[in-house]
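Biologist: I should like to learn how to read some features of a protein model. May we take them one at a time?

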Amino acid sequence: ISEAERGDAWTASVGTLEIDMPAPEQRRPRLLCTPAAVRGVVPQWVNRPMVAAVLGMLCGLSPTIKGLLVTTNSPFNFLYSAMESIGRAGPPLLLMGVGGLFVSEGKPTLAGIGVGPMAGLLVGRLVVLPTLAISMWMLCREYLGIFPADPIVLLIMCIESCTPSAYNLVTMCVLQGRGAREMSVVLFYQNVVAVATMTFWITLILAVVVKERPGWEQA
């Protein structure tokens with residue numbers, strides 16, 4: 001078959017797909033996070049990711065439940081292992097979802113958000129929040145003594161405060177049926193700016209921790 005015939009066949013097949021596609025008003029409505037009967041009783045912020053996070057935290061704080069699930073020889077360890085295996089696929093799937101939004105709605109622009117609000121979001125999340133959080137953790141360590149001697153705990157807490165927002169926020173917006181496009185744009189620019197801000201914050205954190213904890217190398 002020649003290239004011209006192959007191109008004509010491809011055009012015909014694509015045209016058939018476009019003709020067979022239902023009109024926007026005929027497509028099935030997208031299912032939201034909660035059924036209509038539940039949305040009137042349960043607050044809107046109580047969605048499936050939020051419920052899963054709260055239940056996971058409660059299970060982790062309960063020694064009995066944690067022993068039944070997490071311990072290697074526990075009777076329900078297979079459930080925990082299955083959920084852990086599924087969870088490993090979470091970040092790539094979230095990135096694919098954000099990429100799908102960019103492909104379907106075009107490259108991320110500031111038209112729907114504005115330069116001022118975006119600058120405020122970036123400064124608040126990547127500059128103001130790390131400044132307040134790191135200062136608070138340092139004060140808690142010095143005056144309350146709630147951190148162990150191992151400096152890795154303080155290092156992880158400080159790094160968590162200066163990272164960009166999680167990509168599962170896009171999933172939560174999609175489930176709620178609002179703000180997914182805006183959230184994906186915000187996360188895109190947060191990750192671009194975080195290349196510089198995280199380098200600065202991690203350098204500062206390591207310098208402070210190493211300076212105040214001489215036994216870092218042994219830890």
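Modeller: We shall discuss cysteines, aromatic pairs and one helix. This is a predicted model, in which local features need pLDDT of at least 70 and side-chain atom pairs count only at pLDDT 80 or more, while totals for chains, interfaces and linings use all residues. Residues are numbered from 1 along each chain as its sequence is written, and side-chain values use heavy atoms, without hydrogens and water.

Biologist: How many disulfides does a search of the whole structure find?

Modeller: A disulfide is a covalent bond between the sulfur atoms of two cysteines. With the criterion of a pair of cysteine sulfur atoms within 2.5 Å, the search finds zero.

Biologist: Is Cys140 buried or exposed?

Modeller: Buried means under 20% relative accessible area, exposed over 50%, and partly exposed in between (1.4 Å probe, protein chains only). Cys140 is buried at 15%, whereas Cys59 is partly exposed at 28%.

Biologist: How many aromatic pairs does the structure hold?

Modeller: Rings of Phe, Tyr and Trp (its six-membered ring) pair if their centres lie within 6.5 Å; planes under 30 degrees apart are stacked, over 60 edge-to-face, and the rest tilted. The structure holds two such pairs. Phe188 and Tyr189 have ring centres 5.2 Å apart and planes at 85°, so they are edge-to-face. Phe200 and Trp201 are also edge-to-face, at 5.2 Å and 65°; Trp201 is buried, at 8% relative accessibility.

Biologist: Which residues are buried in H8?

Modeller: Helices are DSSP runs (H or I, at least four residues), numbered from the N terminus. In H8, the buried residues are Pro151, Leu154, Leu155, Cys158, Ser161 and Cys162.

Note on methods
Helices (H or I, at least four residues) and strands (E, at least two) are DSSP runs, numbered from the N terminus.
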